[in-house]
Amino acid sequence: MVAVDIWSIALTAFLATLATFGRVALTIVLGIVLGWFLGYAAAKSGLFERVFLSITQTLEAVPVITFFPIVLIFFVKSIGGYIGTELAVDFLVFTAVVWNIWVGEYEAIKTAPQSLEDAAEMLNLGFWGRFRYLYIPVTMPRVAGNVLVSFADALFYIVVSEVITLGTTQYSVFGIGALIAAWTSRGDWTAAFIGLSTLVVMVTAILFGVLRPFVNWAVKYSYDPLMEVARTRVRRPIITSRVRTLAARNMRYLRRVIAIEDAIMPVFVRASSYAVRHRLLVRPRPRNILTKTERYMGMGILILILVLIAYSIYNSWQTTWDPIMIDLYKHGLLYLYYLGLDWLRVALVTITSILTAIPINYLMVTHRRVEAILLPILEDLASIPVSAYLPLIAIPFTTYLAIILGIHASLELLVFLVAYLSTAWYVIYNMYVGMKTIPRSLWDVAENLKLGTWQKLRRLAIPGAMPATITGLASTVGSTWGGLEVAEYIQGLNGQVYMVHGFTALMDYYTAIGNMVGLEAMSLILGINVILLSIFLWRRLFRLARERYRLEGAITL
Amino acid sequence: MAPTGTGKTTLLRIIAGLRKPDTGKVLLMGEEVRGPTPKLAMIFQDFALFPWLTALENVELALMHRKDLSKEVRREIARKYLELVGLGGFEDYYPRELSGGMKQRVAIARALAAQPVVLLMDEPFANLDAITAEGLRAEIYNMVFNEESTVKAIIMVSHNLEEVVELSDKVIILGGRPANIIAEVEIKLPRPRNTRDIEFQDYLDRLYSLLSISLKT
């Protein structure tokens with residue numbers, strides 16, 4: 001009887017994971033396909049390019065999840081029912097993953113080699129032909145470079161958002177996140193554990209069965225016109241015979257599959273290092289010049305939007321804006337204080353992540369065997385969403401440790417741990433790409449000069465890894481915010497609610513009690529914060545990394 | 001020929017119909033060239049092969065606009081041109097698996113497959129090593145001008161003097177800003193030409209001094 005139970009639980013968990021993965025696949029594929037057209041339009045039209053860039057560059061570094069309550073209320077209230085909830089979930093995940101993909105696709109299309117574009121035009125390929133033979137393939141390496149992170153991000157957010165509490169009503173969709181949450185809140189530990197194990201197994205299967213082969217395949221799309229016969233063994237030309245050609249092709253495939261070297265070869269690193277290098281090195285073509293009509297049109301649209309905003313503020317001042325302003329007047333300082341607290345947490349987590357990433361990466365880069373074992377594990381861990389096992393790790397912090405350390409310290413520790421776990425993998429990963437792509441010759445020089453470990457770290461490994469780490473920082477900070485969001489306010493065991501002092505905790509609390517005005521006020525503050533940050537921090541940091549990276553010159557794999 | 005930065009490539013792209021001239025027009029057999037046409041085929045400095053397509057697929061691309069041909073026919077024609085440039089047996093290789101010289105051969109096959117009247121070449125040997133370039137130069141004349149070929153003329157951009165004397169019938173030297181024609185030189189040497197001939201060397205000297213003038217203007 002018990003055995004049957006376990007199997008039926010496992011089957012339910014399996015189906016639920018499939019549903020969750022289905023959502024992830026749908027949003028990612030939809031994002032990729034839409035990105036081709038948006039990226040193309042942005043690369044070709046000056047007006048669209050400006051709009052596209054300012055939107056994506058700002059939203060890329062946004063902790064989307066923090067705006068979730070507002071989105072949610074919109075979908076659940078205006079559409080309603082299971083479909084409304086489903087759409088809310090999908091929309092959230094969509095907005096969490098697309099920016100990276102879109103920026104990558106735009107940059108790939110924008111920097112498509114001029115000679116290939118000329119060739120496509122001379123060959124009269126037509127619009128769809130050019131898409132098929134040029135613009136879509138050219139984006140593949142960038143998509144591949146993003147796919148692991150997108151997958152992990154999407155899983156993280158989807159697992160959280162499958163269960164939504166608004167006021168006293170709970171909305172949920174069928175999925176592994178919702179199931180695990182239901183099981184833990186019921187105290188059904190066996191079931192929760194089986195669910196989590198199923199998720200881990202299936203994440204691993206997707207990673208090694210789908211994503212790795214995809215990335216491996218996409219690598220052939222990277223354009224390096226003058227690269228001489230590298231990496232390929234000399235192949236004898238085959239006399240034109242179909243059978244022999246076919247045999248040769250299959251042999252080649254087989255050899256590729258069998259090669260153990262390839263099995264541990266960090267393909268994601270190859271792809272994402274391509275993405276990082278592409279981002280940092282390819283001299284971006286200047287923005288398209290606006291034609292006169294476009295300039296007038298742009299100005300017209302801008303004025304129209306401003307007028308509409310002004311009108312809507314004026315029109316709804318009494319009903320919407322007045323209460324928000326009053327709320328801000330009353331609680332604004334508290335909100336800012338909480339925002340400061342959360343940024344402090346983010347800073348601490350980021351620094352800790354970087355500090356832990358340095359020795360791990362140094363070990364991996366200098367010791368092949370460590371790398372071969374650790375890297376696949378890290379990739380796997382990165383894709384298992386903290387949000388899924390949060391209910392399980394929260395238990396000791398709310399029971400045993402809470403008694404020893406006191407509830408405040410214990411919860412604070414939990415928040416830190418969860419935020420760290422949702423950040424560290426990405427920091428490690430970004431830094432690894434940077435360290436791994438330091439030219440072999442520099443390592444040789446370091447050996448030759450008999451530099452000690454500390455000197456090698458200080459003079460070579462850390463500075464070499466920094467540009468890639470910094471470039472990744474904008475998105476890792478997004479992940480840290482995600483971690484804070486799920487851990488600052490947990491509604492766990494026995495329906496008890498645990499929260500710390502923090503911005504996202506308060507937003508969650510407002511959502512739970514249905515304080516719409518407060519929620520809107522906080523979203524406003526967050527929005528302003530995000531825009532300021534994007535303008536004054538991320539873009540500058542990114543430009544700095546780009547310049548330094550160029551200065552340091554040839555960094556190749 | 002022209003010093004770097006004179007606008008050789010730009011001129012070639014205007015001839016190809018890839019760029020609109022500010023003034024003037026390009027005439028091909030009495031008709032104005034208003035955009036890319038199969039009558040003009042281009043060979044690029046960096047070969048411009050689509051890395052995600054095999055050699056055969058790259059050549060086939062030149063026939064895509066011919067809706068009257070079936071897939072099999074297109075494939076056969078592409079195969080024929082690959083053999084013409086000496087790459088029979090390499091149909092299923094990706095560009096990254098080919099050497100520089102072979103890549104340029106694929107590019108030549110692709111250009112020829114479009115059955116152009118005029119072939120445009122933008123420093124086609126600049127990215128090849130000296131020995132490969134020499135071999136390909138010796139062969140290209142026969143590849144392009146044989147009885148099966150539709151090509152009537154080649155316009156080649158280069159700043160390699162030896163290459164120019166070896167291949168050209170007429171050399172036009174550009175210089176200045178905006179670019180002007182500095183000189184026109186007809187090369188009247190029998191083919192195949194030998195780089196060690198005294199006459200060949202004379203032409204080299206003449207072009208060299210003309211190029212020096214164009215650098216000063």
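In chain B of this predicted model, B:Pro192 lies in the loop between strand E7 (180-186) and H7. The peptide bond that joins B:Arg191 to B:Pro192 is cis, with an omega of about -10 degrees. That geometry deserves a remark, since most peptide bonds are trans and most residues other than glycine have a negative phi.

Chain B also holds residues that depart from the second of these tendencies. B:Ala48 is not a glycine, yet its phi is positive, at about 50 degrees, and B:Gln115, although not a glycine either, has a positive phi of about 55 degrees. B:Ala48 is found in the loop that runs between strand E3 (40-43) and helix H2 (55-60), while B:Gln115 belongs to the loop between helix H4 (100-113) and strand E4 (118-122). Their surroundings can be set out by accessibility: B:Ala48 is buried, because its relative accessible area is 0%, whereas B:Gln115 has a relative accessible area of 36% and is therefore partly exposed.

| Residue | Phi | Relative accessible area |
|---|---|---|
| B:Ala48 | about 50 degrees | B:Ala48: 0% |
| B:Gln115 | about 55 degrees | B:Gln115: 36% |

On the surface of chain B, a patch of negative charge is formed where B:Asp197, B:Glu199, B:Asp202 and B:Asp205 gather. One of these residues, B:Glu199, has its place in helix H7, which covers residues 198-216 of chain B. Is B:Glu199 buried or partly exposed? With a relative accessible area of 48%, B:Glu199 is partly exposed, and it can belong to the patch because patches are made of residues with over 30% relative accessible area and no salt bridge.

Chain A can be described first as a whole. Its secondary structure comes to 22 helices and four strands, and of its 557 residues, 50% are buried. Among the contacts in chain A with a separation of 6 or more, 81% are accounted for by residues 24 or more positions apart. The area that chain A exposes is about 27100 Å², of which carbon and sulfur atoms supply 69%.

A single residue of chain A adds some local detail. A:Phe91 has its place in helix H4, residues 81-110 of chain A, and counts as partly exposed because its relative accessibility is 34%. When residues up to four places away in sequence are not counted, A:Phe91 touches A:Val71 and A:Phe75. A:Phe91 and A:Val71 are 20 residues apart along the chain, and a distance of 8.5 Å separates their C-alpha atoms.

Note on methods:
Residues are numbered from 1 along each chain as its sequence is written. Chains are lettered from A and ligands numbered from 1 in the order in which they are written. This is a predicted model: local features need pLDDT of at least 70, side-chain atom pairs count only at pLDDT 80 or more; totals for chains, interfaces and linings use all residues. Side-chain values use heavy atoms; hydrogens and water are left out. Patches are made of residues with over 30% relative accessible area and no salt bridge: like charges are joined within 9 Å, nonpolar side chains (Val, Leu, Ile, Met, Phe, Trp, Tyr) within 5 Å. Accessible areas come from the Shrake-Rupley method with a 1.4 Å probe; for residues, only the protein chains shown count as cover. A salt bridge is a side-chain nitrogen of Lys or Arg within 4 Å of a carboxyl oxygen of Asp or Glu. Lys and Arg count as positive and Asp and Glu as negative; His and the chain ends are not counted. The place of a charge is taken as NZ of Lys, CZ of Arg, CG of Asp or CD of Glu. Helices (H or I, at least four residues) and strands (E, at least two) are DSSP runs, numbered from the N terminus. Buried means under 20% relative accessible area, exposed over 50%, partly exposed in between (1.4 Å probe, protein chains only). Contact means heavy atoms within 4.5 Å.
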